[in-house]
Amino acid sequence: MKKTQIEVEAGKLVDNFQILKDLFQAAIMHDVEYLCIAVRTYYRKQKDFEKVWQFLIQIKQVVD
């Protein structure tokens, strides 16, 4: 059975770099194979999803 960590974020993901904490925690969790992060499309008139998406693309480019 594959283990998945699910994180539901409500605003501080982008402003406080919470995404870095979530990624790090998932990386060190025993037997976790997948990480799912739910992000609001907009939060306080900011495009949180777009910011997170661009951040993850940059990480992927570094890893590849």
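The legends below describe an overview and several close-up views of a predicted model.

Residues are numbered from 1 along each chain as its sequence is written. Because the model is predicted, local features need pLDDT of at least 70 and side-chain atom pairs count only at pLDDT 80 or more, whereas totals for chains, interfaces and linings use all residues; side-chain values use heavy atoms, with hydrogens and water left out.

**Figure 1. Overview of the protein, with three helices and two strands.** The order of elements from the N terminus is β-α-α-β-α. Helices (H or I, at least four residues) and strands (E, at least two) are DSSP runs, numbered from the N terminus. Along the principal axes, the C-alpha atoms fill a box of roughly 40 × 25 × 20 Å. The accessible surface is about 5300 Å², and 58% of this area belongs to carbon and sulfur atoms; accessible areas come from the Shrake-Rupley method with a 1.4 Å probe, and for residues only the protein chains shown count as cover. Of the 64 residues, 19% count as buried. Buried means under 20% relative accessible area, exposed means over 50%, and partly exposed is in between (1.4 Å probe, protein chains only). Taking contacts between residues at least 6 apart in sequence, 67% join residues at least 24 apart; a contact means heavy atoms within 4.5 Å.

**Figure 2. Strand β1 at K3, and the loop residue D31.** K3 belongs to strand β1, which spans residues 3-8. K3 is partly exposed, at 40% relative accessibility. Not counting residues up to four places away in sequence, K3 touches D31, V32, E33 and Y34. The C-alpha atoms of K3 and H30 are 9.3 Å apart, and the two residues are 27 apart in sequence. D31 sits in the loop between α2 and β2 (32-38). Its phi is positive, about 65°, although D31 is not a glycine. The relative accessibility of D31 is 43%, so this residue counts as partly exposed.

**Figure 3. Buried and exposed residues of helix α2.** Helix α2 covers residues 18-28, and its buried residues are Q18, I19, D22 and A26. These buried residues line one face of the helix, because they fall within an arc of 100° when seen down the axis of α2. The arc is that of the directions from the helix axis to the C-beta atoms. F24, A27 and I28 are exposed on the other side of α2. D22 has a relative accessible area of 2%. The C-alpha atoms of D22 and V8 are separated by 10 Å, with their positions 14 residues apart along the chain counted as the sequence separation.

**Figure 4. Surroundings of V14 in helix α1.** Helix α1 consists of residues 12-15 and includes V14. With a relative accessibility of 18%, V14 counts as buried. Leaving aside neighbours within four places in sequence, V14 is in contact with D48, K51 and V52. V14 and D48 are 34 residues apart along the chain, and their C-alpha atoms are separated by 6.4 Å.

**Figure 5. The aromatic pair of F49 and W53.** Rings of Phe, Tyr and Trp (its six-membered ring) pair if their centres lie within 6.5 Å; planes under 30 degrees apart count as stacked, over 60 as edge-to-face and the rest as tilted. By this rule there is one aromatic pair. F49 and W53 form this pair, which is stacked, with 6.2 Å centre to centre and 15° between the planes. Both residues lie in helix α3, four residues apart, about one turn of the helix. An α-helix has 3.6 residues a turn, so residues three or four places apart point the same way. F49 is partly exposed, with a relative accessible area of 40%, and W53 is partly exposed at 45%.

**Figure 6. Surface patch and salt bridge, with L56 and K60.** L56 is part of helix α3 (residues 48-63) and is partly exposed, with a relative accessible area of 33%. L56, I59 and V63 make a nonpolar surface patch of about 240 Å². Patches are made of residues with over 30% relative accessible area and no salt bridge; like charges are joined within 9 Å, and nonpolar side chains (Val, Leu, Ile, Met, Phe, Trp, Tyr) within 5 Å. A salt bridge is a side-chain nitrogen of Lys or Arg within 4 Å of a carboxyl oxygen of Asp or Glu, and by this rule the count is one. K60 forms the salt bridge with D64, and the closest N and O atoms are 2.5 Å apart. Both K60 and D64 are exposed.
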